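The following note is offered to a colleague who is meeting this structure without prior acquaintance. The points are numbered for ease of reference.

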Amino acid sequence: MKKYLVAAVLIASFATPALAEEGFVMLDLTTQKCVTMKTQPSDMTKFKMLGKYPTLGEAETAMHTMTECK
């Protein structure tokens, strides 16, 4: 039984990075605040794209270093 549990945990740990979603850092032009999004918005008149990142976590980390977001 332990073999199956260990196998399931290993499979899940290898599959998790494949499930990571892209992350976008966007500047909301109405509030002048930065936000992270999982998908690019269809209405780009309200947002300015500041960057596209492989994961949402990387987008959040990058957002804290951007001068527009401070």
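1. Cys 34 has a relative accessibility of 16% in this predicted model. Since buried means under 20% relative accessible area, Cys 34 counts as buried. Cys 69, by contrast, is partly exposed, its relative accessible area being 23%.

2. Cys 34 and Cys 69 are joined in a disulfide, with 2.0 Å between their sulfur atoms. A disulfide is a covalent bond between the sulfur atoms of two cysteines. The count of disulfides comes to 1. About the S-S bond of Cys 34 and Cys 69 the torsion is about -85°, so the disulfide is left-handed. Cys 34 belongs to strand 2 (residues 33–37), while Cys 69 is found in the segment after helix 2; the pair therefore ties together parts that lie 35 residues apart in sequence.

3. For orientation, the chain contains 2 helices and 3 strands. Read from the N terminus, its elements follow the pattern α-β-β-β-α. Of the 70 residues in the chain, 23% are buried. Among contacts between residues at least 6 apart in sequence, 40% join residues at least 24 apart.

4. How are the strands arranged in the sheet? The sheet is open, has 3 strands in the order 2-1-3, and shows antiparallel pairing. Strand 2 and strand 3 (47–53) occupy the edges; each has a single partner strand, so one side of each lacks a neighbour in the sheet. On average, neighbouring strands are turned by 25° against each other, direction ignored.

5. The pairing of strand 1 with strand 2 is antiparallel and extends over 5 bridges. Within this pairing, Leu 27 has Cys 34 in strand 2 as its bridge partner. Helix 2 packs on the sheet and touches strand 1, strand 2 and strand 3, and its direction makes about 165° with that of strand 2.

6. Which residues of helix 2 are buried? They are Ala 59, Ala 62 and Met 63. Viewed down the axis of helix 2, the buried residues fall within an arc of 100°, so they line one face of the helix. These buried residues of helix 2 pack against strand 1, strand 2 and strand 3.

7. The largest nonpolar core consists of 8 residues, namely Val 25, Leu 27, Cys 34, Leu 50, Ala 59, Ala 62, Met 63 and Met 66. Strand 1 (23–28) and helix 2 (56–63) each contribute at least two residues to this core. Helix 2 provides the largest share, 3 residues. The bridge partners Leu 27 and Cys 34 are both among the members of the core.

8. Met 63, a member of this core, merits separate mention. Leaving aside residues up to four places away in sequence, Met 63 touches Val 25, Cys 34, Val 35, Thr 36 and Cys 69. Its contacts thus include both cysteines of the disulfide.

9. A final point concerns the backbone at Gln 32. Most residues other than glycine have a negative phi. Gln 32, although not a glycine, has a positive phi of about 60°. Gln 32 is placed in the loop between strand 1 and strand 2.

Notes. Residues numbered from 1 in each chain as written. Predicted model: local features only at pLDDT ≥ 70, side-chain atom pairs only at ≥ 80, totals over all residues. Heavy atoms only, no water. Core = buried A, V, L, I, M, F, W, Y, C linked by side-chain atoms within 4.5 Å. Buried < 20%, exposed > 50% of the residue type's maximum accessible area, 1.4 Å probe, protein only. Helix = DSSP H or I, 4+ residues; strand = E, 2+ residues; numbered from the N terminus. Contact = heavy atoms within 4.5 Å. Disulfide = S-S within 2.5 Å. Pairing = 2+ DSSP bridges. Axes fitted to C-alpha atoms, helices over the stretch in contact; angles between N-to-C directions. Arc of directions from axis to C-beta.
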